[in-house]
Amino acid sequence: MEKTIEDPPTSAVLLDHCHFSQVIFNSVEKFYIPGGDVTCRYTFTQHFIPRQKDWIGIFRVGWKTVREYYTFMWVTLPIDLNNKSAKQQEVQFKAYYLPKDDEYYQFCYVDQDGVVRGASIPFQFRPENEEDILVVTTQEELETLQSINKKLELKVKEQKDYWETELLQLKEQNQKMSSENEKMGIRVDQLQAQLSTQEKEMEKLVQGDQDKTEQLEHLKKENGHLFLSLTEQRKDQKKLEQTVEEMKQNETTAMKKQQELMDENFDLSRRLSEKKMICNALQREKERLEGENDLLKRENSRLLSYMGLDFNSLPYQVPTSDEGGAGQNPGLVYGNPYSGIQESSSPSQLSIKKCPICKADGICDHTLEQQQMQALCLNCPICDKIFPATEKQIFEDHVFCHSL
C-alpha cells in the first residue's frame, strides 16, 4: 500500500461515541477473494465536508479505537463538492497490504481529527464457498432498506420542491398584494405565519430523513452482529457434531471390545467346562483303575500264594534264558514258571514244582489258569501297578509318566 512516512491522525474515541452516518460505503461485498486489489466506494452526505488529512482504514471487527487499524489509504479530495459526481468517491487497496486471515473486517472513514465518520458492513478475505448462501436473506433485507431509503429521499425531495414552489408562489402573491393594497397587512402576516409553519414542516421532513438514515445505519450494525452470531453458532454446531461423531465412534469401539471380551469369556467358559468334564472323567477313570488295580493285586497275591512264591522276592523284569533255545513269554509279568523246565526225558526235581492247590507235579489246570491270568495283565515295573491287557495304551502312558 502506498503509505506516507507519517501515521494517520488517530484518537482514543470509543466506538459508541462515533458518528457513522456522515459517510456511507457502497457496494461492499460480504467477502473479497485473497490475492486481488480491493476497491472501496463511498459517498459523502450533504452536510459533510472532507478535509486533506482524512483517511480510510481497514479495521478488524471489534475494534475499540481508531489506532487499531490494519492498513489505510489517504482520501482524495474532490475538486467541486457541489457537483453530484463529487459525492461518489473511491480508493483502491493493493492486495499486498491486505489481511491474509479469514477474520471479519470493515472499512472506516476517519477525519483528520481522528473521529470516525462512517463504517461499512463486515466482510472477509477468503474464497467463495457454500456458506455464503446463508447471508443472502440479510443482504436482501439491507438492499430493501436502501431501496426504501431512496424512495423516502425522493419523496422528501419532491415535497421539498413542492413546498419551495409553494413558497415562491406565496412570496409572489405577497408582493402583489402588498403592492396592490397596503391595507392587507393582516393577511400578509397570516401568510407569513403559514409560510413559517410550512417551513417547520419541511424541516421536520428533513429531520425524518436523517432519522431514517440513522435507522439504516443501526440496521447495518445489527446485520453485522447477527452475521457474526450466526457464524459463531455454525462453528459451535460443527464442534458439537464432531464431538457426537467421536462419541459414536468410541461407543462403537467399546461395543466391539465388549463383544470380543464376551466371546472370549464364553470361549473360556466353554473350555473350562470341557476341562472340568475331562478332569471328572479322568478322576472317575483313576478311581476305577485304582479299584481294578487293588483287585488285581489281591488276585495276584492269591495266585502267588497258590504257587508257593514270595511276592517280595520276585524280580521286576522277566529274566532271559539261553538254555534249550526257548525265550520267555513277554506277556508274563513275573516270568514263566515253567521256563526252567528242559525238554529232557529226565527233568530235575528243582525245575518241576508242585501245584499248590492239587499238589500235582508238572502242568495242571490250576497252573494253566495262573499263566492265563498273568498273560491277561500288565504290571508296571516301577510301582507294581497292574493294568488289564486290553488297556495297553494306558499302561504305556503310565510307564512313560515315570520317566518324566
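**Exercise 1. The neighbours of strand E7**

Determine which way E7 and strand E9 (residues 123–125) run relative to each other, parallel or antiparallel, and how many bridges join them. Then describe the pairing of E7 with E4 and with E8 in this predicted model.

*Solution.*

Step 1. E7 and strand E9 (residues 123–125) run antiparallel and are joined by 2 bridges. Within this pairing, Tyr-104 has Gln-124 of E9 as its bridge partner.

Step 2. Strand E4 (residues 55–60) is also antiparallel to E7, and 6 bridges join the two. Here Phe-59 stands opposite Gln-106 in E7.

Step 3. Strand E8 (residues 116–119) pairs with E7 over 3 bridges, again in the antiparallel sense. Tyr-109 stands opposite Gly-118 in E8.

Step 4. E7 and E8 form a hairpin with 5 residues between the strands, and in this hairpin Gly-114 takes a positive phi near 80°.

**Exercise 2. The covering of strand E7**

State how many residues of strand E7 (residues 104–110) are buried, and list the buried residues on each side.

*Solution.*

Step 1. A residue counts as buried when its relative accessible area is under 20%. In strand E7 (residues 104–110), 7 of the 7 residues are buried.

Step 2. One side carries Tyr-104, Gln-106, Cys-108 and Val-110, and the other carries Tyr-105, Phe-107 and Tyr-109. These residues are all buried, so both faces of E7 are covered.

**Exercise 3. Salt bridges**

State how many salt bridges a search of the whole structure finds. For the pair Arg-117 and Asp-111, give the N to O distance; then examine two further pairs in the same manner.

*Solution.*

Step 1. The search of the whole structure finds 13 salt bridges. Side chains of opposite charge can pair when their charged atoms come close.

Step 2. The side chains of Arg-117 and Asp-111 meet in a salt bridge at 3.0 Å, N to O. Arg-117 has a relative accessible area of 17% and is therefore buried; Asp-111, at 2%, is buried as well.

Step 3. Glu-90 and Arg-41 form a salt bridge between their side chains, with an N to O distance of 3.4 Å. This pair links distant parts of the chain, since Glu-90 lies in strand E6 (residues 88–93) and Arg-41 in strand E3, 49 residues apart. Glu-90 is partly exposed at 47% relative accessible area, and Arg-41 is partly exposed at 39%.

Step 4. Lys-220 and Glu-217 meet in a salt bridge of 3.6 Å, N to O. Both residues lie in helix H2, 3 residues apart, which is about one turn of the helix. Lys-220 counts as buried at 10% relative accessibility, and Glu-217 is buried at 6%.

Step 5. Arg-51, Asp-111, Asp-113 and Arg-117 are joined into one network by salt bridges that share partners.

**Exercise 4. The largest pocket**

Give the volume of the largest pocket, and identify the element that gives the most residues to its lining.

*Solution.*

Step 1. The volume of the largest pocket is about 1800 Å³. Its lining comprises 42 residues, and the closest to the centre are Phe-44, Thr-45, Gln-46, Glu-153 and Asp-209.

Step 2. At least two lining residues come from each of strand E1 (23–26), strand E3 (38–44), helix H1 (136–180) and helix H2 (185–307). H1 gives the most, with 12 residues.

Step 3. Sorted by character, the lining residues divide into 14 nonpolar, 17 polar and 11 charged.

Note on methods. Residues are numbered from 1 along each chain as its sequence is written. This is a predicted model: local features need pLDDT of at least 70, side-chain atom pairs count only at pLDDT 80 or more; totals for chains, interfaces and linings use all residues. Side-chain values use heavy atoms; hydrogens and water are left out. On a 1 Å grid over the protein atoms alone, a cavity is a set of points where a 1.4 Å probe fits but cannot get out, and a pocket is an open set with protein on both sides within 12 Å along at least five of seven lines; lining residues have an atom within 4 Å of a point. Grid points are joined across faces, edges and corners, and a volume is the space filled by probe spheres set on the points. Helices (H or I, at least four residues) and strands (E, at least two) are DSSP runs, numbered from the N terminus. Ala, Val, Leu, Ile, Met, Phe, Trp, Tyr, Cys and Pro count as nonpolar, Asp, Glu, Lys and Arg as charged, and the others, Gly among them, as polar. A salt bridge is a side-chain nitrogen of Lys or Arg within 4 Å of a carboxyl oxygen of Asp or Glu. Buried means under 20% relative accessible area, exposed over 50%, partly exposed in between (1.4 Å probe, protein chains only). Two strands pair if DSSP finds at least two bridges between them.
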